[in-house]
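Look over the sequence and the model before reading on. The report below starts at a turn and then works through strands, sheets and totals.

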Amino acid sequence: MAKKIRALAAALLLSLSLGGCGGFNFEFNPEELYALPELPAKYTELNARLNAILEDGAEYAAPTSGANIQPVQLTDLDGDGQQEAVAFFRKAEDEKPLKIYIFSAKEDSYEQSAVIEGSGASVYSVVYTDLDGDGRTEIIVGWRVNAELQALSVYALDAAGPQELLRSVSYVRYASIDLDGDGLQELVVLHADEEGDGVADCYDWRKGALAPQSPARISVTMAELSQQGRLTTGTLKGGVPALFVTGVTEQSGAVTDILALRNGELTNIVLSEATGVSGEIAPFYGLYPMDINGDGWTEVPAPSSSDGAPPFHRIDWRAFGLDGAGEAAASTYHCVEDGWYIQLPEAWVGRVETERSGVGGDASVTFYMLNEEGVRDAAILRITALTGTGREIRAARGSRFPLSRQSDVIYTAELPEIPPWDQAMTAEEVRGAFSLIAREWIPGDN
């Protein structure tokens, strides 16, 4: 860039000389074109206020989990279109060392409008959400009290400062979800009771406050939930909102509880009255409830054991009604090793077998139909993941047709020229049923 500027200056001087200005004393300094970008005045003011807090003995202490982990965050808390600044500090010598400062934008400056103080080791997480639908954002803070304990607080901001709407002494996970369809968010907090059993507390908006409802028992333990477990907001058949709670056991089993409002009370609709635990227990293959077939309902995965052990990863997905009854919705084959899955035609379920093989950069899964005796018969589909050099050439070999091209892999399929079975898929059906396994990025739990 400097060379270009100097060349431009030289050309300008030359043109002036050629234009009859040879006697003109023209001085030009290219360095004058350089200038550092200046921040808007209000951000300069904000930076000064943050530095003053640091000079007073505080240090930045950003949240350690969740999606919001920056030490200074900009978000519109009051719905006026102006972003407030939320800054996280720790001042070790104070009785309440954790500080959350809130600065409001005032024309060309930021002014401190509130401060939230807390005790403990750190701020675990922070979430901004409008729970009551008034256009103003509530702040949900997870406090890391110590290595074994987390506390949850919900704050509303008004002219009098931050008002604590809720404090839960302990929690492991929580979710905000509109369970009753009234446009207001309920808060579901999961924790262990005095006996160590899993409990889900539900807080509903009543007369401008978060009021507790009767809790629901869950069969997932807090240890199973805190490792690979996950909360999934979803929908039951008929469009009923629900919270799907998945825990993973030490034996690599997935336990799923489903929470929904039934007759106005939070209920675990899949909890067995006879056993006291969920009936939805299956091997864990890294899958969680989702809308697998695009029908608008959330399905729960259950790897099938009827087709033998992996690598045949046939997954049967079931949708649930408010009565807790599950209904088959779809079946898929998941090839986790190669990063893809395919939705199986209904006629294929229980009537096909697979075999995975790999040569060089070609990793193939071949689907075989089974005859009436349940013995492997003819091949009806082969899907191949091609990697390495020359994959474009290999993708065009024989009867292969493309399914998906990624930066480092090409997926192709092959069908027999003469289908051996009247339920065989067409090329267009294979393309429509094929999907990549999304590598979901989870920023951390709240």
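Does E107 count as buried or exposed? E107 counts as exposed, at 74% relative accessibility. The model is a predicted one.

**Positive phi outside glycine**

E107 is found in the loop between β4 (98-106) and β5 (109-118). It is not a glycine, yet E107 has a positive phi of about 55°. N263 also has a positive phi of about 55°, and N263 is not a glycine. The loop that holds N263 runs between β17 (253-262) and β18 (265-268). N263 is exposed, with a relative accessible area of 79%.

**Strand β12 and its partners**

How many of the nine residues of strand β12 (residues 198-206) are buried? Eight are, so the strand is largely enclosed by the rest of the structure. Its pairings with β11, β13 and β14 are listed here.

| Partner of β12 | Sense | Bridges |
|---|---|---|
| β11 (residues 186-192) | antiparallel | six bridges |
| β13 (residues 209-212) | antiparallel | four bridges |
| β14 (residues 216-218) | antiparallel | three bridges |

Individual bridges fix the register. V188 has C202 in β12 as its bridge partner. A200 is matched with A216 in β14. W205 stands opposite L210 in β13.

Two hairpins involve this strand. β11 and β12 form one, with five residues between them. In that turn, G196 has a positive phi of about 90°. β12 and β13 form a hairpin with two residues between them. K207 sits in that turn and has a positive phi of about 55°.

C202 deserves a second look. It is buried, with a relative accessible area of 1%. C335 also counts as buried, at 0% relative accessibility. The structure holds zero disulfides.

**A five-strand sheet**

Which order do the strands take in the open sheet of five? The order is β24-β25-β26-β28-β27, and the pairing is antiparallel. β24 (352-359) and β27 (401-405) stand at the edges. Each has a single partner strand, so one side of each is left without a neighbour in the sheet. On average, neighbouring strands of this sheet are turned by 20° against each other, direction ignored.

Inside this sheet, strand β26 (residues 376-386) meets strand β28 (residues 410-414). The two pair in the antiparallel sense over five bridges. A385 stands opposite Y411 in β28. Strands of a sheet pair through backbone hydrogen bonds, either parallel or antiparallel.

**Two buried strand residues**

S168 is found in strand β9 (residues 161-168). At 7% relative accessibility, it falls under the 20% limit and so counts as buried. A polar atom of the S168 side chain lies 2.9 Å from the backbone oxygen of S170. Which residues does S168 contact, leaving aside neighbours within four places in sequence? They are A151, L152 and V189. V189 falls within strand β11 (residues 186-192), which pairs with β12.

Y341 lies in strand β23 (residues 340-343). It counts as buried, at 13% relative accessibility. How far apart in space are Y341 and S435, C-alpha to C-alpha? They are 5.5 Å apart, with their positions 94 residues apart in sequence counted as the separation. S435 is also among the residues that Y341 touches, once residues up to four places away in sequence are not counted. The others on that list are I292, T332, Y333, H334, A433, F434, L436 and I437.

**The chain as a whole**

The chain has five helices and 29 strands. Of its 446 residues, 44% are buried. Among contacts with a separation of 6 or more, 43% link residues 24 or more positions apart. The chain exposes about 22900 Å². Carbon and sulfur atoms supply 49% of that area.

Notes: Residues numbered from 1 in each chain as written. Predicted model: local features only at pLDDT ≥ 70, side-chain atom pairs only at ≥ 80, totals over all residues. Heavy atoms only, no water. Disulfide = S-S within 2.5 Å. Buried < 20%, exposed > 50% of the residue type's maximum accessible area, 1.4 Å probe, protein only. Pairing = 2+ DSSP bridges. Axes fitted to C-alpha atoms, helices over the stretch in contact; angles between N-to-C directions. Contact = heavy atoms within 4.5 Å. Areas by Shrake-Rupley, 256 points an atom, 1.4 Å probe, with all protein chains shown as cover. Polar contact = N/O pair within 3.5 Å; in protein donor to acceptor, adjacent residues only side chain to side chain.
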